[in-house]
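Thanks for passing this one along. Here are my notes, set out as numbered points so that you can check each against the coordinates.

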Amino acid sequence: METKEAIFKRRSCREYTQQEVSTEQLKILLNSAFSAPTAVNAQPWEFVVINEKSVLDKLREKLRYARYNAPAAVVVCGNSDLGLKGQDKDLWVCDCSAAIENMLLTATDMGLGSLWVGIYPIKSRMQMVRTVLDMPENVNPLGMVYVGYAAKAQEGRCRYNEKAVYWQKYDKSRKHRKKNKPVIGHYA
């Protein structure tokens, strides 16, 4: 599969079969994550791979917005001891996000379904994940990637919106529709 095909085909998968994801497949996903760009090559990321149902069930129990039946997950974290310091200290978020996107695209290329579940910057979510996975305070869980075989095929889609594209400079007079979202989030 070509890169752009994987990009346009990728969809968030919220329903999985119980077919296992092999250790080899998980290692391929990890290799793709480690191939992501990082600011100043800091590589502040760490990954917690979970393919034991009991651990996944603990996470699903605590994270009510993340109760999907995937047989495996990877929690992507930024280690503040490894990351940049000073004004650049939060660039780990960009680095880890690039790693997640690499995993999502690689999963698509491998015929797997995947879903990016946001954890950071919600402190209560971060602490729940730290507690379940016995992580120290300097390790910040950014997100979790569920991975498995999709229970149903979904067509790819592109959500290109010309109104969100500006050429040469931002046009403050342009108006485009805002999405109507609840204040507390759509997982309430």
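The points below go through salt bridges, aromatic contacts, cysteines and backbone details.

1. A word on the source before anything else: this is a predicted model. Please read each distance and angle below as computed from that model.

2. I would start with the charged pairs. Side chains of opposite charge can pair when their charged atoms come close. Across the whole structure, a search turns up four salt bridges. Three residues, Lys-53, Asp-57 and Arg-60, are joined in a network of such bridges, and the next two points take that network apart.

3. In the network, Asp-57 meets Lys-53 through their side chains, at 2.7 Å from N to O. Both residues belong to helix H3, which covers residues 53-62. They sit four residues apart, about one turn of the helix. Lys-53 is exposed, with a relative accessible area of 55%, while Asp-57 is partly exposed at 31%.

4. Asp-57 also has a salt bridge with Arg-60, here with an N to O distance of 3.3 Å. Arg-60 and Asp-57 are three residues apart in H3, so about one helical turn separates them. Which class does Arg-60 fall into, buried or exposed? Its relative accessibility is 12%, and because buried means under 20%, Arg-60 counts as buried.

5. Another salt bridge is worth a look on its own. The side chains of Arg-130 and Glu-137 meet at 3.6 Å, N to O. Arg-130 is buried, with a relative accessible area of 7%, whereas Glu-137 counts as exposed at 54%.

6. Now the rings. The search of the whole structure gives six aromatic pairs. One of them is formed by Phe-34 and Trp-45, which meet edge-to-face, with 6.1 Å from centre to centre and 85° between the planes. Phe-34 lies in helix H2 (residues 23-34) and Trp-45 in strand E1 (residues 45-50), so this pair ties together parts that are eleven residues apart in sequence. Phe-47 joins Phe-34 and Trp-45 in one aromatic cluster. As for accessibility, Phe-34 counts as partly exposed at 46%, and Trp-45 counts as buried at 4%.

7. Trp-92 and Tyr-120 form a further pair: their ring centres are 4.9 Å apart and their planes stand at 75°, so the pair is edge-to-face. This contact links distant parts of the chain, 28 residues apart. Trp-92 is in helix H4 (residues 92-109), and Tyr-120 is in the loop between E3 and H5. Trp-92 is buried, with a relative accessible area of 7%, but Tyr-120 is partly exposed at 29%.

8. Tyr-120 deserves a second look for its backbone. Which form does the peptide bond from Tyr-120 to Pro-121 take, cis or trans? The bond is cis, with omega near 10°. Pro-121 lies in the loop that runs between strand E3 (113-118) and helix H5 (123-133).

9. One contact brings a charge and a ring together. The charged end of Arg-125 sits over the ring of Tyr-65, at 4.0 Å from the ring centre.

10. On the cysteines, how many disulfides does a search of the whole structure find? The count is zero. Take Cys-94: the nearest cysteine sulfur belongs to Cys-96 and is 9.6 Å away. A disulfide needs two cysteine sulfur atoms within 2.5 Å, so Cys-94 is in no disulfide. Cys-94 is partly exposed, with a relative accessible area of 49%, and Cys-158 is exposed at 54%.

11. Last, two backbone angles to check by eye. Asp-134 has phi near 55°, a positive value in a residue other than glycine. Asp-134 is found in the loop between H5 and strand E4 (139-148), and this residue is exposed, with a relative accessible area of 70%. Gln-168 is not a glycine either, yet has a positive phi of about 75°. Gln-168 lies in the segment after E4 and is exposed, with a relative accessible area of 78%.

Definitions and conventions
Residues are numbered from 1 along each chain as its sequence is written. This is a predicted model: local features need pLDDT of at least 70, side-chain atom pairs count only at pLDDT 80 or more; totals for chains, interfaces and linings use all residues. Side-chain values use heavy atoms; hydrogens and water are left out. Buried means under 20% relative accessible area, exposed over 50%, partly exposed in between (1.4 Å probe, protein chains only). Rings of Phe, Tyr and Trp (its six-membered ring) pair if their centres lie within 6.5 Å; planes under 30 degrees apart count as stacked, over 60 as edge-to-face and the rest as tilted. A charge sits over a ring if NZ of Lys or CZ of Arg is within 6 Å of the ring centre and within 35 degrees of the ring normal.
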